[in-house]
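The following exercises concern a predicted model. Each task is followed by a solution worked in steps.

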Amino acid sequence: MSKKVKFIEQSEHSECGITSVTMILNYLDLKVRLSDVRDHYGVPKGGNTLFHLKSIFHDFGVDSIGAKIDNPTSFFKENNTPCVLFWDFKHYVVFEKFTGRKFVVVDPALGRKKYSIEEFKQHFSNFALLLNGVDESIEPPIQSKKQKNILINILMKEKHLVFSVILLTVLIQACGLGIPIITQRAVDNYLLVAKDMTQSSILIAVGFVFISYYLMQVGRNLIITKFQIYFDKNLMTGFMKKIMSLPLNFFVNRSTGDLIFRSNLTTYIQQILSSQLITTVIDIVFALAYFSLMLSYSVELTMISLAAIGVILTSSLINSKAFQAITDKEISTYSRVHRTLVELFEGMETVKSIGAEPQFYENWEKDFKSQLDIQKKKSHITGWIGNISVSMQFVLPLLITGLGLFGVSKGTFSIGELISFNTIALSFVVPIITIMNSYTQLLVLRSYFGKLSEILEQKTITDEEKAIEFDEYESIELENLNFRFSKFEEPILKNINLKIGKKEKVAIVGPSGSGKSTLLKVLSGLYLPTSGNIYLNNKSMNLVTSKSVRKMISVVNQNPSIFNLSLKDNILMNSSNVSEDLLTKAINDARVDEITRMLPMGNETLISEGGMNLSGGQMQRIAIARALVKQPKLMLMDEPTSALDNISENYIMNRVKENDCPCVIVSHRLNTIQHFDRIIVMNQGQIVEDGTHEELMDNQGLYSYIYSGNTNVDEIVGEQSAI
Ligand SMILES: Nc1ncnc2c1ncn2[C@@H]1O[C@H](COP(=O)(O)OP(=O)(O)OP(=O)(O)O)[C@@H](O)[C@H]1O
């Protein structure tokens, strides 16, 4: 059987290229994880070109060549080995093989798919990246560490729970083992039983067995529930802690739907684990015990039973494999449906205003249909394959009794032994089926866990690894700083050198897309620089605890989020011990008092989720009040007043200017920042001017050009280089 390309699902919209490359690298036994490739190379906003993919291959010592293929049928007949294909003029997939009638393609978005020659030709965009060979002497740029077994870690922390479940299950199973033996003894010695025991003593004995068995089952269920809650808490809290400690870079290109979907997987994992995994271990032991017992009764009948069990095993194995393949597909479709829904709900206003409902409906319907198809396929698999074992189990007693009667007539064994053998054989089948089911579930678990551990294993730097805390602000400095999202893209910030001292009021201006917001995010520590240094009070920012950074720096984002809390709580977020006077001052300085007066319950009024019951300008004012109330040592504001009227804007900006706190404001409204101590002009990721309004006007550079109302920035860009 030829080696298969293992499917890896892309997590972000534009990473089909690096996902395809990762699949091929793993196929070539250059084991590497997608998350590591993403961290190393980044994902450019428009995705990767074939040239990018070729250079990743090159780094790993894989020689590849781009080729135009006009006749795929004859080409792939000759070159039937995996390669990367350009697909639908916008996507990358992995070609696995050509069977002569079908093309097998592993699509990072959809999984393994077979296409007829016609279908393949419709999708294939005639360009491919073919592999020429691997130079094994080249050291791979990334060494993916072996996945830590997070599951085992969690299980080991609560050993006694796991042990109790195992013990009780063993006892319960032992009862199951004892009953057939007692039955056999009773049937074969029924005359003695009738003589020695009364009916009421039998009833008492049975009652005793009933109560013990019942209590053990209840105990086991209670412990399993405790274990489930413990496990869920551990996995989920681990997940949430990780999410909270991840840098902003992690979230920028990820879909909310996908993240929500992944967080929900913890529940499925917990269910599978607690219901299946522990009992599987015990089932294996008991299957062996039952098997030896069967052999001790009759080798012949055991062999007959084994033939039947062989059928059950084979069908279960096929069932498991088919199930796992379908589960991988199911996960990716569920996550896509989720993504579409979250995008729709989050962007409902835009969707409605541009009338994009049909497009969203169509996307949702497409994914939903494939979700239904998968469910249908799943029940077909269970129906056709899964029921073989059920039916075999059904006829097994008939088979054993029918053939066993010959043994009884020959005197090889007694009726009691036959009855007892029947019970044991049936008991033997139960753990065998559970083991097979668990195997299916474990394969599913692997798929689920893969999705989750991608997040759980992200590298984060916690405050424990940092030592410095500051109470006062001296300066913040960027030194030779570069920032980019992907190795294949031009840096978004290029060689930035900037120092902002005490009490300085600095404005950042420049054309759209010049990197102003990114610069602010780097200054605030939200984005980690690709290279270069950031110093806070002359100490590397890497050494300052994030708690201290957040306490010292207040940030007002371009699109601030308002949460489903009261107006007051929205302002006080993460600020403790705020006096009423301070709160009132922040509310007045940011002109939130005007909003308060309009609300039925004033500051205590509950704001709807996402600030739906507020205007854009009102949300900005709340965000400014939120920043002011913290009494920061440095304020970073990204177009904080873009949605405000001129009167409110002037009022708020004057309050900010009067405030002793140094601040950096990104603004497009040049008239409001004229009186700032410094104006920094950015263009194409570089600082091109730095000075006061008057100096910059005299300079006759980009600032004076924009200030004078010119719109064609390109005219002046060529003439001005970075400072
Ligand atoms: N998540 C991202 N992935 C890749 N590129 C990005 C991402 N976010 C922003 N960029 C790119 O970074 C560049 C700088 O963006 P930034 O938001 O910093 O510009 P800006 O000067 O603040 O623009 P504006 O004035 O329009 O707000 C832009 O070219 C933008 O396309």
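**Exercise 1. Locate Arg591, and determine its burial and its backbone phi.**

Step 1. Arg591 sits in the loop that connects helix 19 and helix 20. Its position is just after helix 19.

Step 2. The relative accessibility of Arg591 is 18%. Buried means under 20%, so Arg591 counts as buried.

Step 3. Phi of Arg591 is near 60 degrees, which is a positive value in a residue other than glycine. Most residues other than glycine have a negative phi.

**Exercise 2. Identify the buried residues of helix 19 and the helices they pack against.**

Step 1. Helix 19 spans residues 580-589, and its buried residues are Leu582, Leu583, Ala586, Ile587 and Asp589.

Step 2. These buried residues pack against helix 18 (567-572), helix 20 (593-598), helix 21 (616-629) and helix 22 (646-658).

**Exercise 3. Describe the surroundings of Ile622 in helix 21.**

Step 1. Ile622 belongs to helix 21.

Step 2. Its relative accessible area is 0%. The limit for a buried residue is under 20%, so Ile622 is buried.

Step 3. Not counting residues up to four places away in sequence, Ile622 touches Ile562, Leu567, Asn570, Ile571, Val592, Ile595 and Leu614.

Step 4. Pro560 is 62 residues from Ile622 in sequence, and their C-alpha atoms are 8.9 Å apart in space.

**Exercise 4. Compare this separation with that of Gln700 and Lys633, and classify the exposure of Gln700.**

Step 1. Gln700 lies in the loop between helix 24 (693-699) and helix 25 (702-707).

Step 2. The relative accessibility of Gln700 is 60%. Exposed means over 50%, so Gln700 counts as exposed.

Step 3. Gln700 and Lys633 are 67 residues apart in sequence, with 34 Å between their C-alpha atoms. For Ile622 and Pro560, the corresponding values are 62 residues and 8.9 Å.

**Exercise 5. Where is Gln684, and is it buried, partly exposed or exposed?**

Step 1. Gln684 is placed in the loop between strand 15 (678-683) and strand 16 (686-691).

Step 2. Its relative accessible area is 47%. Under 20% is buried and over 50% is exposed, with partly exposed in between, so Gln684 is partly exposed.

Step 3. Although Gln684 is not a glycine, it has a positive phi of about 45 degrees.

**Exercise 6. Establish why helix 2 is described as largely enclosed, and what surrounds it.**

Step 1. Helix 2 covers residues 34-41, and 6 of its 8 residues are buried, so the helix is largely enclosed by the rest of the structure.

Step 2. The buried residues are Leu34, Ser35, Asp36, Val37, Arg38 and Tyr41.

Step 3. They pack against helix 1 (16-27), helix 3 (50-59) and helix 15 (415-456).

Step 4. Just after helix 2, Gly42 adopts a positive phi of about 70 degrees.

**Exercise 7. Trace the contacts of Thr22 in helix 1.**

Step 1. Thr22 is found in helix 1, and its relative accessible area of 0% makes it buried.

Step 2. The side chain of Thr22 reaches the backbone oxygen of Ile18 at 2.6 Å.

Step 3. Leaving aside neighbours within four places in sequence, Thr22 is in contact with Ile8, Val32, Arg33, Leu34 and Val37. Leu34 and Val37 are among the buried residues of helix 2.

**Exercise 8. Characterise the shell around the ligand and its polar contacts.**

Step 1. There are 16 residues around the ligand, of which Ser512, Gly513, Lys516, Ser517 and Thr518 come nearest. The shell divides into 4 nonpolar, 9 polar and 3 charged residues.

Step 2. Helix 16 (residues 516-523) gives the most to this shell, with 3 residues.

Step 3. Oxygen atoms of the ligand lie 3.0 Å from a backbone N or O atom of Gly515, 2.8 Å from a polar side-chain atom of Lys516, and 2.7 Å from a side-chain N or O atom of Ser517.

Step 4. The ligand taken alone exposes 640 Å², and the protein buries 75% of that.

**Exercise 9. State the domain bounds and relate domain 1 to domain 3.**

Step 1. The domain assignment gives domain 1 (15-134), domain 2 (150-457) and domain 3 (465-721).

Step 2. The centres of domain 1 and domain 3, taken over C-alpha atoms, are separated by 43 Å.

Step 3. In the contact between these domains, 10 residues of domain 1 meet 5 residues of domain 3.

Methods:
Residues are numbered from 1 along each chain as its sequence is written. This is a predicted model: local features need pLDDT of at least 70, side-chain atom pairs count only at pLDDT 80 or more; totals for chains, interfaces and linings use all residues. Side-chain values use heavy atoms; hydrogens and water are left out. A residue is near a molecule or strand if one of its heavy atoms lies within 4 Å of it. A polar contact is a pair of N or O atoms within 3.5 Å; within protein, one must be able to donate a hydrogen and the other to accept it, and residues adjacent in sequence count only if both atoms are side-chain atoms. Accessible areas come from the Shrake-Rupley method with a 1.4 Å probe; for residues, only the protein chains shown count as cover. Helices (H or I, at least four residues) and strands (E, at least two) are DSSP runs, numbered from the N terminus. Ala, Val, Leu, Ile, Met, Phe, Trp, Tyr, Cys and Pro count as nonpolar, Asp, Glu, Lys and Arg as charged, and the others, Gly among them, as polar. Buried means under 20% relative accessible area, exposed over 50%, partly exposed in between (1.4 Å probe, protein chains only). Contact means heavy atoms within 4.5 Å. Domain bounds come from an automatic or database domain assignment.
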